[in-house]
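Here is a structure for a reader who has not met it before. Please look it over before reading the conversation about it.

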Amino acid sequence: MMYRLEAAPEEWIDRSVPLSFVFEGKRYQGYRGDTISSALAAAGVPYLARSFKYHRPRHILSFANHDSNTLFQVDGVPNVRGDVTLVSQGMRASAVNTFGGLVDDKARLLDRLARWLPVGFYYKAFHTKRLFPRWERMFRTLTGLGAVSLDAARRTTPKRYGFCDVLVVGGGPSGLSAALAAAAAGARVALVDESFRLGASGLGLHDGERRATRALIESVNGSARITVSSATVAAAYYADHWIALADATRLTKLRAKAVVFSTGVIEQPAVFRNNDLPGVMLASAASNLLLRYRVAPGLRAVVVAGNLEGYRTALGLHSQGVRIAAIVDLRADLTAEDAAAAAECAAAGMAVYRSHAPYEAIAGAAGAVVALNIAPLAAVPRAGVPLAGAPLAGAGRPEPAGRIDTGKLRRIECDCILMSVGWAAAANLLLQAGGTTRFSDALQQYIPSSLPAGIFACGRLNGVYDFDARVADGARAGSAAAAHAGFGVASGADIARADRCPSHSFPIIDHPQAKNFVDFDEDLQVKDLENAAQEGFDSSELLKRYSTVGMGPSQGKHSNINALRVLARYRGVGVERLGLTTSRPMYHPVPLKLLAGRSFNPERRTPVDAEHTRLGAVWMPAGNWRRPEYYAVSGETRAQSIEAEVAAVRGGVGLIDVGTLGKIEIHGPQAGLFLDRVYTGKFSDLKVGMTRYGLMLDESGVIIDDGVIARMTPEMFYFTTTTGGSATVFRELQRWNALWGLDCGLVNVTGHRAAFNFAGPLSRELLQPLTDTDLGEAGFPFLGVRTGRVAGAPARLLRVGFVGELGFEIHVSASDAAHVWRSLHAAGLPRGSRPFGVEAQRVLRLEKAHFIVGQDTDGLTDPFEANASWAVQMQKPFFVGQRSLRVLKTRGPRQTLVGIELLDPARMPKECHLVIEQGAIAGRITSVAHSRTLNKPIGLAMLSPELARSGGEIEIRGDNREILKARITATPFYDPKNARQRSIAAA
Amino acid sequence: MSALEFKRRNGCERFGLKGPLAAEWLEARGIAVPAAPNRWTAAARPSAIADPGADDESMAGDVLLVARLGTAEFFLEDCAAGSRLRILEPAPESPQSGVYPVLREDAAFSLSGPGSYDVLAQVCNVNFADLELASQPVIMTLMIGVAVLVVPQMVSAWPRIRIWCDPTFGEYLEESLGTVVTESGGNYRR
């Protein structure tokens with residue numbers, strides 16, 4: 001049982017400020033500076049969590065912000081990391097992943113059902129289609145960590161960019177030294193560390209190292225060139241030295257000229273039965289709990305050792321008053337340094353068991369560890385059979401050098417087991433940066449083998465373990481990084497790597513009853529990994545995906561290396577043959593709120609946005625614009641308002657804001673030739689003062705945009721694009737212009753010009769008093785374009801059949817827009833004019849069967865399929881997509897756009913509902929609406945060519961699988977001879 | 001200018017020019033242009049639009065801003081009271097071989113005072129604090145998803161940042177930057 005020790009000068013807590021908080025409904029007390037984990041540990045809480053799969057009781061494992069054992073629901077926020085989250089007065093926390101609370105978790109029964117939940121169970125369960133819904137319900141109920149509150153308030157965070165010359169990731173001795181060296185060369189240095197304070201392993205149990213580290217920290221804090229960010233995780237590396245830094249309140253996107261990774265190593269657990277019991281933890285966790293928070297790991301500890309650090313930890317804890325019952329060393333042969341440490345431990349009264357293995361931890365009634373059974377490692381191997389506990393010698397291959405002798409089990413009473421068997425390089429960022437690693441047999445660790453330009457590594461990550469060597473290695477890396485960034489000259493020679501092995505090669509002990517966990521996040525045992533390999537998932541990548549090893553909250557920080565060792569033993573190869581997986585960014589979990597930042601969402605508003613608001617616009621998004629869906633009128637439903645807007649256009653006049661259309665000018669003697677190349681039609685022969693419809697394709701012949709091209713002068717055209725396509729079309733045109741090098745220039749005035757469509761049989765009559773342009777049929781024919789003034793403002797007027805009525809598109813500068821809009825609106829009001837929105841526009845266009853690019857066409861539609869052959873001039877020398885169209889024309893259409901009439905007006909399909917022919921999909925509805933003008937429901941559908949040619953009835957599968965019938969019909973539905981837009985009757 | 005301040009700038013006249021003869025066209029009208037792209041200059045107002053009585057303290061002595069956005073692209077702004085800059089602007093429909101007028105109805109803003117760089121660091125990935133301002137740089141970049149034109153200066157020892165964007169993004173950029181400025185303790189009023 002853990003408990004708080006008396007105060008010490010260097011502790012991180014302020015005992016003068018007690019804090020009261022609630023965990024699982026019970027009130028506890030911590031101190032200012034305590035994390036949730038340390039406060040609960042100090043309070044003697046027996047366990048803090050339930051495991052993910054088997055709901056086994058868990059307590060602190062790493063105390064390093066890695067494992068899932070210390071995730072909590074805190075004040076409504078799920079999966080708060082208790083190792084690094086400070087307690088606060090009144091905080092309310094609870095465990096995640098429990099049913100009925102931590103102690104009485106009903107799902108703990110799953111631990112007894114473990115044998116029926118083998119590896120891959122999740123995937124196998126879904127093999128039977130019939131049972132899929134049942135399994136899905138069960139998995140959805142049982143899995144997941146924490147509870148998301150759907151009505152929680154949105155928490156915005158101030159994301160920011162940062163800049164420096166040299167970024168040093170990791171504030172241990174080598175990182176501190178690197179920062180100082182880089183700063184000394186004149187570089188601006190950013191030093192980040194995930195801990196609350198700098199120093200990391202340098203502030204461990206070794207007095208001399210602590211003193212030296214404190215001196216380094218003082219120098220760093222005194223340097224004006226070094227900016228320190230504590231409690232900050234470098235969570236991802238992106239191209240060009242772009243690092244994501246996450247702290248409690250924000251994400252910083254930091255751009256560095258050079259990066260030093262001094263990310264160190266992560267302590268790894270030993271794998272033995274019940275190695276997950278509360279009370280079993282990493283030695284570094286015990287050390288940090290004690291030194292920083294003055295929490296003793298227990299009253300009677302056993303240290304499982306596989307390296308020198310195990311003995312050092314034992315001596316350190318002993319000096320702090322923790323009783324060490326025994327040291328169980330997996331190794332038979334010790335270096336002189338190890339042997340001296342072992343002798344020191346023995347002299348201090350600790351029992352030292354060399355060449356012994358922790359066979360199984362024993363749980364007491366409360367679920368926590370009460371004893372450890374250890375067994376000697378027999379010297380004589382069973383012939384030919386690789387055994388657990390055997391070191392990997394030579395080229396890393398499993399070598400049967402010993403076996404567990406279960407006939408000589410020895411029980412050691414204890415309330416905590418501290419594991420010190422080795423380390424894994426924290427190389428995730430280095431790998432993301434494009435560095436490579438190789439497995440060192442001598443160190444039993446992956447070490448850097450190549451580094452990209454501007455990336456440097458030092459310290460234990462680099463395989464350098466001796467304290468002074470780490471400091472020297474940091475100085476070398478910092479100096480080199482500064483030189484890369486343009487400061488000084490790189491100095492310092494490469495530092496020799498450790499001459500002792502800090503990690504045991506195979507700290508994994510088999511047990512017939514299993515529960516020897518490799519991955520604590522996912523409850524994966526040794527046999528799970530072996531079974532996965534046996535089923536064929538025998539590479540590191542496949543093993544990960546099938547078994548989910550390394551896919552939990554720790555992202556493999558405690559499991560990947562041991563999983564590789566298990567796989568290596570199974571395959572009879574060395575670990576180096578298997579390779580590390582590269583974590584995708586973010587390699588360390590980052591709260592979504594930090595990624596979302598302030599939730600900036602660029603939205604465009606036309607220059608008459610305020611006029612729409614004044615007129616009651618109901619908004620809808622259209623691309624990145626906000627547009628009026630319709631204008632709400634008191635006493636009218638949505639449908640009635642839309643119908644009235646349509647009726648106004650058909651019977652009188654309506655006004656719509658089409659300023660969202662892309663608006664582009666092209667100038668120059670070869671402007672016409674340019675347009676001939678980018679559109680399917682011909683424009684170099686277009687008369688000045690006239691417009692023509694344009695269809696734009698990509699190189700595969702697919703329709704990507706359409707618009708109207710107006711020739712203003714012999715060398716200047718003005719043309720529109722679709723609302724959604726304006727930015728991409730302009731970008732594409734610029735690309736073509738650069739590629740072709742024609743004598744012309746493009747100007748995008750989309751946002752700088754407003755545009756309105758004043759449409760309806762009364763439009764000419766009502767507009768004429770506002771303009772000096774002659775709107776008469778002779779002076780301004782259909783498809784003409786004129787410049788003049790409207791309501792006193794310079795304007796371009798285009799006479800186009802936008803909605804199938806006599807109409808004028810009026811383009812003015814943004815600054816004149818509001819005045820012109822108000823003038824047009826006022827002119828129409830006495831005659832029943834209404835502003836109309838996107839929905840009415842869709843109905844009006846549908847009545848004319850004008851297809852909408854992106855709605856009635858898709859990413860495969862060519863002009864032949866959209867019945868737009870009339871807009872294609874195949875005889876032109878060249879246009880984008882022409883070559884593909886020749887092929888497509890030969891092949892014939894795969895689909896054809898047709899008009900349809902619904903036979904039952906009471907049952908309307910929706911856009912994207914499927915057309916079914918003889919039980920198979922034969923098309924889809926692309927547009928559908930009820931036309932009050934025609935008094936019938938109409939639509940467009942993309943059908944198989946055979947069905948389209950039949951001209952008969954089609955069946956549409958609606959919601960709830962009901963079948964709706966429609967008839968293929970000729971288009972346009974309304975005014976098929978286009979007399980109204982041409983104003984033939986009026987003429 | 002001792003406080004962080006953000007405001008929309010109204011009342012200025014602007015236009016742009018593109019085309020192979022754009023520089024010659026400007027110089028023929030007495031407007032000196034920056035020698036290199038991505039630079040700006042405060043040119044003397046040409047006699048055709050000179051307005052000796054006008055003064056604009058807020059522009060800290062700038063007479064006529066001429067920004068060179070590319071080899072053959074320019075942006076002009078005149079914020080002096082009584083400015084008649086647009087007298088010069090060629091009409092798009094009037095043939096001017098090699099000179100393409102660009103309608104500029106930009107939304108324009110000013111960010112100034114201590115903390116300006118910190119605000120910019122929250123919305124843009126350009127390191128404005130590191131720019132060599134003596135070279136009068138013009139920055140074209142993205143700011144919270146919007147293409148912007150930025151002219152940074154130091155005025156009375158504090159940064160003054162002029163920002164222009166497409167007017168249809170004006171509301172969004174103003175609201176967003178205004179929020180950041182306010183949360184940073186600065187002054188912003190719509």
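What follows is a conversation between a student and a tutor about this predicted model.

Student: How many helices and strands does the secondary structure of chain A come to?
Tutor: Chain A is a chain of 987 residues, of which buried residues make up 54%, and along its principal axes its C-alpha trace spans about 115 × 70 × 60 Å. Among its contacts between residues at least 6 apart in sequence, 67% join residues at least 24 apart. Its secondary structure comes to 24 helices and 52 strands.

Student: Over which residues of chain A does pLDDT stay under 50?
Tutor: Taken as a whole, chain A has a mean pLDDT of 93, and 97% of its residues reach 70 or more. Where pLDDT is low, the predicted coordinates should not be read in detail. That caution applies to one stretch for which the model has 59 contacts beyond four places in sequence, and where pLDDT stays under 50, namely residues 380-401 of chain A.

Student: What pattern does chain B follow when it is read along the sequence?
Tutor: Chain B has 190 residues, and buried residues make up 45% of them. Of its contacts with a separation of 6 or more, 68% are accounted for by residues 24 or more positions apart. Its secondary structure comes to 3 helices and 11 strands, and read along the sequence these follow the pattern β-β-α-β-β-β-β-β-α-β-β-β-α-β.

Student: Which element gives the largest share of the side of chain A that touches chain B?
Tutor: The contact takes 30 residues from chain A and 27 residues from chain B. On the side of chain A, the elements that give two or more residues are β9 (160-169), β37 (662-667), β39 (703-713), β41 (745-748) and α20 (814-828). The largest share, 4 residues, comes from β9(A).

Student: How do the residues of the side of chain A that touches chain B divide into nonpolar, polar and charged?
Tutor: The count covers the 30 residues that chain A brings to the contact, with Gly placed among the polar residues. On that basis they divide into 11 nonpolar, 10 polar and 9 charged.

Student: Is Gly144(A), in the loop before β9, buried, exposed or partly exposed?
Tutor: Gly144(A) lies in the loop between α3 (132-142) and β9 of chain A, and its C-alpha atom is separated by 8.7 Å from that of Val96(A), 48 residues apart along the chain. A residue would need 20 or more other C-beta atoms within 10 Å to be buried, and 12 or fewer to be exposed. Because Gly144(A) has 14 such atoms, it is partly exposed.

Student: Is His241(A) buried or exposed?
Tutor: His241(A) lies in the loop between β12 (233-238) and β13 (242-246) of chain A. Leaving aside neighbours within four places in sequence, His241(A) is in contact with Arg255(A), Ala256(A), Lys257(A), Ala258(A), Val259(A) and Gly454(A). Since 22 other C-beta atoms lie within 10 Å, His241(A) is buried.

Student: Is α6(A) roughly parallel or roughly antiparallel to α7(A)?
Tutor: Helix α6 (residues 283-293) of chain A and helix α7 (residues 308-319) of chain A pack with their axes 10 Å apart, at an angle of about 30 degrees. Angles under 35 degrees count as roughly parallel. Therefore α6(A) is, with respect to α7(A), roughly parallel.

Student: Which residues in α7(A) are met by residues of α6(A)?
Tutor: Helix α6(A) is mostly covered, as 10 of its 11 residues are buried, and its crossing with α7(A) is left-handed. From α6(A), the residues Ala283(A), Ala286(A), Ser287(A) and Leu290(A) take part, and those they meet in α7(A) are Glu309(A), Gly310(A), Thr313(A), Gly316(A) and Leu317(A).

Student: Is the crossing of α11(A) and α13(A) left-handed or right-handed?
Tutor: The axes of helix α11 (residues 526-534) and helix α13 (residues 560-571) of chain A come within 10 Å and cross at roughly 50 degrees, which means that α11(A) is oblique to α13(A). Val526(A), Leu529(A), Glu530(A) and Ala533(A) in α11(A) meet Ala563(A), Val566(A), Leu567(A) and Tyr570(A) in α13(A). By class, this contact has 7 nonpolar, no polar and 1 charged residues, and the crossing is right-handed.

How values were computed
Residues are numbered from 1 along each chain as its sequence is written. Chains are lettered from A and ligands numbered from 1 in the order in which they are written. This is a predicted model: local features need pLDDT of at least 70, side-chain atom pairs count only at pLDDT 80 or more; totals for chains, interfaces and linings use all residues. Two residues are in contact if their C-beta atoms, placed from the backbone, lie within 7 Å. Axes are lines fitted to C-alpha atoms, for helices over the stretch in contact, and angles run from 0 to 180 degrees between N-to-C directions. Angles under 35 degrees count as roughly parallel, over 145 as roughly antiparallel, 65 to 115 as roughly perpendicular and the rest as oblique. A crossing is left-handed if the near helix is turned anticlockwise from the far one by less than a right angle, and right-handed if clockwise. pLDDT is the predictor's confidence in each residue, from 0 to 100.
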